[in-house]
Amino acid sequence: SFHCIYKSENEIVSSKKIVWWLNLAEKIPPRQYAVVGDRVSKVTFAHLNATKPRGKFTYDAVYCCNQQECHHRYAELYVIDVNINISCETDGYLTKMTCRWSANAIQSLMGSTLQLRYHRSSLYCSDVPSIHPMSQPKDCHLQRDGFYECIFQPIFLLSGYTMWIKINHSLGSLDSPPTCVVPDSVVKPLPPSSVKAEITVEIGLLKISWEKPVFPENNLKFQIRYGLNGKEVQWKMYEVYEAKSKSASVLVPDLCAVYAVQVRCRRLDGLGYWSNWSSPAYTVVMDIKVPTRGPEFWRIINEDTTKKERNVTLLWKPLMKNDSLCSVRKYVVKHHTSRNGTWSEDVGNHTKFTFLWTEQAHSVTVLAVNSIGASFVNFNLTFSWLMSKVNSVQSLSAYPLNSSCVLLSWTLLPSDYSLMYFVTEWKILNEDSEVKWLRIPPSVKKYYIHDHFIPIEKYQFSLYPVFMEGVGKPKIINSFPQDDIEKHQHDAGLYVIVPIIISSSILLLGTLLISHQRMKKLFWEDVPNPKNCSWAQGLNFQ
């Protein structure tokens, strides 16, 4: 509020004739006036905003005027926002409390000084904090980030610290609204220690364990973040609300990868702050289960007709990590024959093994072994002199679709044996090139082979039926059939030419119809109407 007595030419103006202006630009509404007496007028401002500098002016000018003129004297009005947020944090050792507040939020007057004052109550805070007449100043230091920082040490954990900012100036002083803090309610705990991470054996879960900090003694909740280790970890979160927990297990998709894990904690009741994240812990890739299966394998047979012997070379690809769980120490080939019974041979880390096939039937199994044990699910293959003569594939054809795909199709003969699957082989004909192979389900009659095929080369394709009793007689073709290639090319040409012919026919028919209509219209326009001729007046042309 402002009060004014206006004197004009030694005559005091009646308070009812006084008007008020702001910055000589805005007339203050009369509803804000009040008559204090015959000579004294009062104006009151409500709901004021903080004063913002306007060029060189850092204040608003309040003028007292009569109805005709204003006096050159004015009052300077400064409005300062004193809603200053003070935040405090108690360290994890419960020895000190650090309070911070921003100086940038205060548009104070030139020559003002800011001071934090506080009063400590014996226990907790009152419901409505108020400025206490018996207060103490606290030294605060301006930091690089523009915040003032004040440290209370030692502290009383359960005492209520009521604090506010006092703005001192030669014109007067202002106080910010007081806030009350209990150190025990703003604790930022130390991060959990002894954090460990491992993939559990047999179960296959990511297990994280930790030790809770000594302080505070309140119940804590824990937050875990984990992710595949790398330059930029994509963290996933997991929370533990059981205060007594010291470990947790989470399901992860890749059991044979390195995971980074961190843990932090906070009071279970939600008071205070989250601790910093703990130092990261990392899992170590190790075997957690026996391999899920043994490797798929095939064979190459070299027959010595002079010695009537057959050398069989087994081929397989190394197991991937998701099958080996998580490594393979060695491969073991298990043999079974009717004469010699069962025996095993250690192959080490090799993916090729050759043995002599001398009996009528010889069964082999390839096992994958890691530090936990050997695979339980394995592929078996039986070599039988009798079954090698069983012919069940009637025909086989290969159609090159492009340089990276060939379509195989076949027909079968009736058979009394139970078919387990097919194996197809392919290689460049007349070259000592690598033989490639893959397994095909027994229910299909055609299959797309994806590989890099050289168009100018001839290939040999073989299809082997594999029965429970042994491998049957293969069907072999030595090149892409030329007539089939031409037929497919002819069919492909038809698929292109026929739609072109149909489209052209429709276009031609439409053109003829339009031309016919135009010719008809042009012709009948040139023929005169006999009714318009003088010599035809009165004649009936119908």
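**Figure 1. Lys389 in the loop between strand 32 and strand 33.** In this predicted model, Lys389 belongs to the loop that runs between strand 32 (380-384) and strand 33 (393-402). Lys389 has a relative accessible area of 67% and is exposed. Pro474 is 85 residues away from Lys389 along the chain, yet the C-alpha atoms of the two are separated by 9.0 Å.

**Figure 2. Overview of the protein, with two helices and 39 strands.** The protein has 542 residues, and 37% of them count as buried. Among contacts with a separation of 6 or more, 61% are between residues 24 or more positions apart. The protein exposes about 33,900 Å², of which carbon and sulfur atoms supply 53%. The whole structure holds 12 salt bridges; several of them are shown in the views that follow.

**Figure 3. Salt bridge between Lys246 and Glu211.** The N to O distance between the two side chains is 3.6 Å. Lys246 sits in the loop between strand 22 (236-240) and strand 23 (247-250), and Glu211 is in strand 20 (residues 206-211), so the pair ties together parts 35 residues apart in sequence. Both ends count as partly exposed: Lys246 has a relative accessible area of 43%, and Glu211 has a relative accessibility of 35%.

**Figure 4. Salt bridge between Arg439 and Glu296.** The closest N and O atoms of this pair are 3.7 Å apart. Because Arg439 is part of strand 36 (residues 436-440) while Glu296 is in the loop between strand 25 (281-282) and strand 26 (297-304), the salt bridge ties together parts that are 143 residues apart in sequence. Arg439 is partly exposed at 25% relative accessibility, as is Glu296 at 31%.

**Figure 5. Salt bridge between Lys436 and Asp451.** The side chains of Lys436 and Asp451 meet at 3.0 Å, N to O. Lys436 lies in strand 36 and Asp451 in the loop between strand 37 (446-450) and strand 38 (459-467), so the parts tied together are 15 residues apart in sequence. The relative accessible area of Lys436 is 31%, and the residue is partly exposed.

**Figure 6. Network of salt bridges involving Arg100, Asp145 and Glu149.** The view shows how these three residues are linked. Side chains of opposite charge can pair when their charged atoms come close.

**Figure 7. Surroundings of Thr162 in strand 16.** Strand 16 covers residues 161-169. Thr162 has a relative accessibility of 11%, so the residue counts as buried, the limit being under 20%. Apart from neighbours within four places in sequence, Thr162 is in contact with Arg117, Tyr118, His119, Pro129, Ser130, Pro178, Thr179 and Cys180.

**Figure 8. Nonpolar surface patch of Leu123, Tyr124 and Leu158.** Together these residues have about 290 Å² of accessible area. Leu123 is located in the loop between strand 12 (113-120) and strand 13 (136-138). The relative accessible area of Leu123 is 52%, which means that the residue is exposed, since the class starts over 50%.

Terms used:
Residues numbered from 1 in each chain as written. Predicted model: local features only at pLDDT ≥ 70, side-chain atom pairs only at ≥ 80, totals over all residues. Heavy atoms only, no water. Salt bridge = Lys/Arg side-chain N within 4 Å of Asp/Glu carboxyl O. Helix = DSSP H or I, 4+ residues; strand = E, 2+ residues; numbered from the N terminus. Buried < 20%, exposed > 50% of the residue type's maximum accessible area, 1.4 Å probe, protein only. Contact = heavy atoms within 4.5 Å. Areas by Shrake-Rupley, 256 points an atom, 1.4 Å probe, with all protein chains shown as cover. Patch = residues over 30% accessible without salt bridge, like charges linked within 9 Å, V, L, I, M, F, W, Y side chains within 5 Å.
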